[in-house]
Amino acid sequence: MEVRVENGGSYEVGKSGWGKSLPVPSIQEIVINHGVKEQILEKIKAAVAAFFELPFQEKKKYAKAENETEGYGQNFVVSEHQKLDWSDMIYLLTLPSQNRNFKFWPLFTREASEEYSREMQKIAEELQANFSVLMGLKRDGLKRLQGGELKQGIRKNYYPICSRPDLVLGCSPHSDGTSFTLLLQDDDVPGLQIKHNEAWVPVKPIPNSLVVNIGDATEIQSNGMYKSIEHRAIINEKKPRISIATFLFPDDEQEIGPVETMIDDQNHPKLYRNIKHVDYVREMFSRKMEGKAHSTQFMKLHDK
């Protein structure tokens, strides 16, 4: 599996170049040669497109309930007067398999979703093992600290066209409260932007690649060494766009905080407090998405 870094260069996960001295940038990485068959990628894209082509009354059958995250409908809606994102989405809890609630899984999308979920988990396990090494742990170090296998959820997004794309956003600026997020983009329609040096930088789609975003949980566990990335989605006035985001995160009851190997009282003091992951997520969902600060800032012990 090869990782391309947005500011140039590449390295192979699991090879000798992946070590603690590697200057990992605070922007997202693009994974190519990931081993996922093109057929599986095209199958999930087709299933997602077919779902969002359904009449609204059909899609409403999969609607989420109030105060729930799973199902069809938007998240982070905290006020009736809030300006909503220009997007349609459905979110599914996919792993562990016993957490699946098939009332939210349209039957014609089930096979594609299950195949895609399995492949994303394989990539996530390799990422987790290598970040363990980066943090001075054994390959299974983060897995043990996080209570076993990473949990997984998949959000399928549809961004319709808009005649005034300058007035709306497909997804408001935020960072993800995950360990990692794997994003499959639309090959033909760009829309993802990341914040780098206080400017919004477009991420041009590379066919059959996956964008890897470091999430807030990894930033916290690495004591700020590996930053989560603030990102947003913009709208196209001529073509609709789809994307598929796979979220990998610790067990709900698992406490997250800086790992001991990333703390040095003299040079790298502990920057974040410890918190159960479920409490962290609840805090996130209680706030409107307003950039990265809405997620990690309340976790900091020191103002730096």
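How many bridges pair strand β9 (residues 192-196) with β10, and in which sense? Keep that in mind while you get your bearings; we'll come to it in the second stop. One thing before you click: this is a predicted model.

**The whole chain**

Start with everything shown as a cartoon. You should find 7 helices and 15 strands in the protein chain. Of its 304 residues, 53% count as buried. Now think about contacts between residues with a separation of 6 or more: 74% of those in the protein chain come from residues 24 or more positions apart.

**Stop one: the open sheet**

Select β7, β12, β9 and β10. Together they make an open sheet of 4 strands, in the order β7-β12-β9-β10, with antiparallel pairing. Look at the two ends: β7 (171-174) and β10 (199-202) are the edge strands, and each has a single partner strand, so one side of each has no neighbour in the sheet. Rotate the view and check the twist: on average, neighbouring strands here are turned by 25° against each other, direction ignored.

Now zoom in on the β7 end. Its partner is strand β12 (residues 231-233), running antiparallel to β7 and joined to it by 2 bridges. Show C171 as sticks and you'll see A233 of β12 standing opposite.

**Stop two: the β9-β10 hairpin**

Slide across to the other end of the sheet for the opening question. β9 and β10 pair in the antiparallel sense, over 4 bridges. To see one pair of facing residues, pick Q193, which has P202 of β10 opposite. Then follow the backbone round the turn. The hairpin has 2 residues between the strands, and N197 takes a positive phi near 55°.

**Stop three: β11**

Is strand β11 (residues 210-214) buried or exposed? Colour it and look: 5 of its 5 residues are buried, so the strand is largely enclosed by the rest of the structure. Both faces are covered, with L210, V212 and I214 buried on one side and V211 and N213 buried on the other.

Add strand β8 (residues 180-185) to your selection. β8 pairs with β11 in the antiparallel sense, again through bridges, 4 of them. Click T181 and its bridge partner in β11 turns out to be N213, a residue we just met among the buried ones.

**Stop four: two packed helices**

Hide the strands and select helix α1 (residues 38-52) and helix α3 (residues 107-134). These two pack at an angle of about 140°, with their axes 9 Å apart. That angle makes α1 oblique to α3. The crossing of α1 past α3 is left-handed.

For the contact itself, put these residues in sticks:

- on α1: I40, L41, K43, I44, A47, A50 and F51
- on α3: F108, T109, E111, A112, S113, E115, Y116 and E119

Colour the contact by class and you get 9 nonpolar, 2 polar and 4 charged residues.

**Last stop: Y72**

Keep F51 visible, then select Y72, which sits in strand β4 (residues 71-72). Y72 is buried, with a relative accessible area of 8%.

What does Y72 touch, leaving out residues up to four places away in sequence? Its contacts are F51, F52, F56, K59, K60, Y62, A63, K64, D88, M89 and I90. F51 is also on the α1 side of the helix contact from the previous stop. Finish by drawing a distance from Y72 to K60: C-alpha to C-alpha they are 7.1 Å apart in space, and 12 residues apart in sequence.

Key:
Residues are numbered from 1 along each chain as its sequence is written. This is a predicted model: local features need pLDDT of at least 70, side-chain atom pairs count only at pLDDT 80 or more; totals for chains, interfaces and linings use all residues. Side-chain values use heavy atoms; hydrogens and water are left out. Axes are lines fitted to C-alpha atoms, for helices over the stretch in contact, and angles run from 0 to 180 degrees between N-to-C directions. Angles under 35 degrees count as roughly parallel, over 145 as roughly antiparallel, 65 to 115 as roughly perpendicular and the rest as oblique. A crossing is left-handed if the near helix is turned anticlockwise from the far one by less than a right angle, and right-handed if clockwise. Contact means heavy atoms within 4.5 Å. Ala, Val, Leu, Ile, Met, Phe, Trp, Tyr, Cys and Pro count as nonpolar, Asp, Glu, Lys and Arg as charged, and the others, Gly among them, as polar. Two strands pair if DSSP finds at least two bridges between them. Buried means under 20% relative accessible area, exposed over 50%, partly exposed in between (1.4 Å probe, protein chains only).
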